[in-house]
Amino acid sequence: MARLVLGGLCALLASVVALTIPRVLGWLVNTVLTGEGAASAVWLGVAIVALLGAFEALLIWLRRVFVISPTAGIETSLRLNLFRHLQQLPVAFHDRWGSGQLLSRSMGDLSLLRRWMAFGSIMLVVSSLTVIAGLAFMFSSSWILALIYLAGAIPITIRAFKFRTVFRDASRLSQDQAGDLATTVEEAVHGIRVIKAFGRGREALDGFHAQAQKLRDTEIHKARTLAGFMALVVALPEVTLGLGLFTGLWLTADGQLLVGDLAAFFATAAFLAGHVEGIGMLLGMTLTTKTALDRHYEVIDSPATITSPDHPRVPENPAGHLVMRDVSFTYPDAPGAANVVDGLDLEVRPGETMALVGGTGSGKSTLLHLVPRLYEATGGAVELDGLDVREYDVEALRTAIAVAFEDSILFSSSVRENVLLGARPQPGRTADDQLAEALDVAQAQFVHDLPDGVETLIGEEGLSLSGGQRQRLALARAIAAKPRLLVLDDPLSALDVRTEEAVTARLRSVLEGTSTLIVAHRPSTVMLADRVALMEHGRIKDVGTHSELLARSAHYRFVIAAGDEPPSVEEVLDTEDTATEGDPA
Ligand SMILES: Nc1ncnc2c1ncn2[C@@H]1O[C@H](COP(=O)(O)OP(=O)(O)OP(=O)(O)O)[C@@H](O)[C@H]1O
């Protein structure tokens with residue numbers, strides 16, 4: 001803060017110095033050129049002006065030096081704060097917001113703020129004070145000329161009110177459109193294979209072009225609004241100055257005004273012209289920064305709804321016992337829609353592996369998200385080891401549960417960092433031991449053949465892996481976390497039959513003793529489970545062993561696509577949801 005104040009003082013002093021130069025000029029004209037002073041005073045005057053100019057340049061340089069570090073620091077800490085908040089915001093928030101909007105808010109908007117703090121705010125204050133001081137000088141030279149000059153401020157002030165509203169709205173629109181455009185670029189780059197494979201490059205380009213065109217139109221509208229206002233800000237003082245010149249010459253000829261005072265008046269007015277124009281530009285910059293700041297605080301003010309309680313509790317017997325009682329859930333961005341999870345009851349006993357089987361869209365993945373509170377159940381209770389998940393410290397809860405999602409997300413870092421993402425130090429074991437075990441269980445030995453082994457950079461900026469390879473690393477990551485409860489969303493779906501067999505064999509030994517809830521579409525995955533829960537329309541319709549369910553549930557036979565006999569047409573029709581959502585796995 002002290003450096004910011006020093007920077008402001010330097011800028012102010014630089015303006016005072018610059019304002020002094022016309023005074024010196026006035027003195028030179030009044031004393032030397034009119035023959036009242038010695039010729040040597042010319043050299044003195046020139047030297048003073050040169051020194052003042054050099055001093056002004058030094059102060060401007062110092063202003064930059066003082067403000068760079070604190071403003072860059074503020075920008076970084078705001079960005080950090082935003083990133084931290086984004087991590088705390090619920091998944092439902094991220095479902096609603098386009099990634100480009102968040103990107104533009106954390107990058108472009110905050111850069112605007114830094115530039116405004118480092119330059120705009122200081123220069124706005126300095127220019128305003130300079131104009132006030134300059135006007136005082138002008139009044140001291142000639143109050144009549146100063147009043148004529150000042151008359152131009154009245155229409156400018158009136159116009160400024162309208163400009164403020166129009167320019168602010170245009171700024172907001174252009175920043176939002178830039179965010180949407182960033183989302184489009186992000187999606188197009190992310191989905192480049194699909195776009196190319198379907199030969200839709202032309203359409204993607206057309207869509208982008210239309211959006212870019214809209215942004216261009218907004219930018220032009222914004223620039224025109226600013227240009228219109230600036231034309232007034234620049235032209236009116238010139239007009240009033242012309243009137244002033246006419247009056248000034250008449251006053252001088254009449255002997256009411258000294259030539260030196262006239263010269264000082266116009267030198268000050270010429271100097272102020274730059275500052276008056278600057279204030280117009282800075283006003284535009286301030287409005288743009290204000291909208292950028294509004295956009296920033298829209299995210300910061302979004303409440304992190306999934307938080308730890310004031311007094312989190314710790315379970316007495318942490319064994320991985322999951323109980324769901326009458327659980328319901330609706331997606332927040334689909335209000336009024338039917339519950340995706342609808343009065344569901346389910347128990348996974350300590351050490352048990354429970355398979356979750358159901359048709360497409362029956363709500364399996366959604367249910368898994370409720371366990372580590374990625375979404376909050378809208379009704380009923382999810383309990384882990386006798387405590388409602390809302391009673392836990394959120395971080396402690398998520399440390400106790402490890403999840404492997406359906407789409408295996410990997411980060412741009414090494415295999416080691418990706419796999420050990422959720423791993424905690426374990427007594428008597430090194431990180432290498434944990435890594436080796438997890439890779440072995442997930443049958444991910446292929447990583448040793450990568451160019452740098454487990455240090456190979458993967459993810460978006462590194463080596464691309466196949467779907468099955470990614471899935472095995474995501475599984476290894478969940479295993480390495482050594483959780484009390486393992487939550488797996490169809491973790492073997494992308495594997496070939498042989499690899500699946502190998503992973504299943506190794507996984508069985510790991511799952512023994514670890515409570516697991518695993519979404520399964522294939523009989524081979526179901527084989528890992530002690531019991532199977534059949535999910536339909538957001539409810540658990542039946543629980544039993546694989547063979548029990550095969551024997552008594554046509555719907556189960558349909559969704560699991562297993563059994564000696566394929567299901568009959570009547571059986572399929574009996575399963576109600578086949579026409580709308582069922583899709584044999
Ligand atoms: N983020 C979301 N916002 C709104 N609705 C969603 C969201 N995610 C899923 N849904 C809806 O919730 C329902 C259940 O989806 P879910 O992914 O849980 O099904 P699933 O049983 O896991 O299906 P699958 O076996 O195909 O993975 C679907 O109708 C889906 O459209």
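In this predicted model, helix α5 (residues 108–141) and helix α6 (residues 143–151) pack at an angle of about 140°, and their axes lie 6 Å apart. The two helices are therefore oblique to each other, since an angle has to be over 145 degrees to count as roughly antiparallel. On the α5 side the meeting residues are L135, M138 and F139, and these face W143, L145, A146, Y149 and L150 of α6. Sorted by class, this contact has 8 nonpolar residues, with no polar and no charged ones.

Helix α5 also has a second partner, helix α2 (residues 40–88). Here the packing angle is about 150°, with 9 Å between the axes, which makes α2 roughly antiparallel to α5. The crossing of this pair is right-handed. From α2, the residues R63, V67, I68, T71, A72, I74, E75, L78 and R79 take part, and they meet L110, S111, L113, R114, M117, A118 and I122 of α5. The contact of α2 with α5 has a mixed make-up, with 10 nonpolar, 2 polar and 4 charged residues.

Another helix pair worth visiting is formed by α7 (residues 153–190) and α9 (residues 201–253), which pack at an angle of about 160° with their axes 9 Å apart. These helices are therefore roughly antiparallel to each other. In this case α7 passes α9 in a left-handed crossing. Their contact includes 19 nonpolar, 9 polar and 5 charged residues.

Stepping back to the whole protein, the domain assignment gives domain 1 (75–300) and domain 2, the latter made of two segments, 322–407 and 483–574. The C-alpha centres of domain 1 and domain 2 are 55 Å apart. Where the domains touch, 5 residues of domain 1 are in contact with 4 residues of domain 2. On the domain 1 side, this set consists of 3 nonpolar and 2 charged residues, with no polar ones.

The last stop is the ligand. A shell of 14 residues surrounds the ligand, and the closest of them are Y331, T360, K364, S365 and T366. Which helix gives the most to the shell around the ligand? That helix is α11 (residues 364–370), with 3 residues. In terms of class, the shell is made up of 7 polar, 4 charged and 3 nonpolar residues.

Notes:
Residues are numbered from 1 along each chain as its sequence is written. This is a predicted model: local features need pLDDT of at least 70, side-chain atom pairs count only at pLDDT 80 or more; totals for chains, interfaces and linings use all residues. A residue is near a molecule or strand if its C-beta atom, placed from the backbone, lies within 6 Å of it. Helices (H or I, at least four residues) and strands (E, at least two) are DSSP runs, numbered from the N terminus. Ala, Val, Leu, Ile, Met, Phe, Trp, Tyr, Cys and Pro count as nonpolar, Asp, Glu, Lys and Arg as charged, and the others, Gly among them, as polar. Domain bounds come from an automatic or database domain assignment. Two residues are in contact if their C-beta atoms, placed from the backbone, lie within 7 Å. Axes are lines fitted to C-alpha atoms, for helices over the stretch in contact, and angles run from 0 to 180 degrees between N-to-C directions. Angles under 35 degrees count as roughly parallel, over 145 as roughly antiparallel, 65 to 115 as roughly perpendicular and the rest as oblique. A crossing is left-handed if the near helix is turned anticlockwise from the far one by less than a right angle, and right-handed if clockwise.
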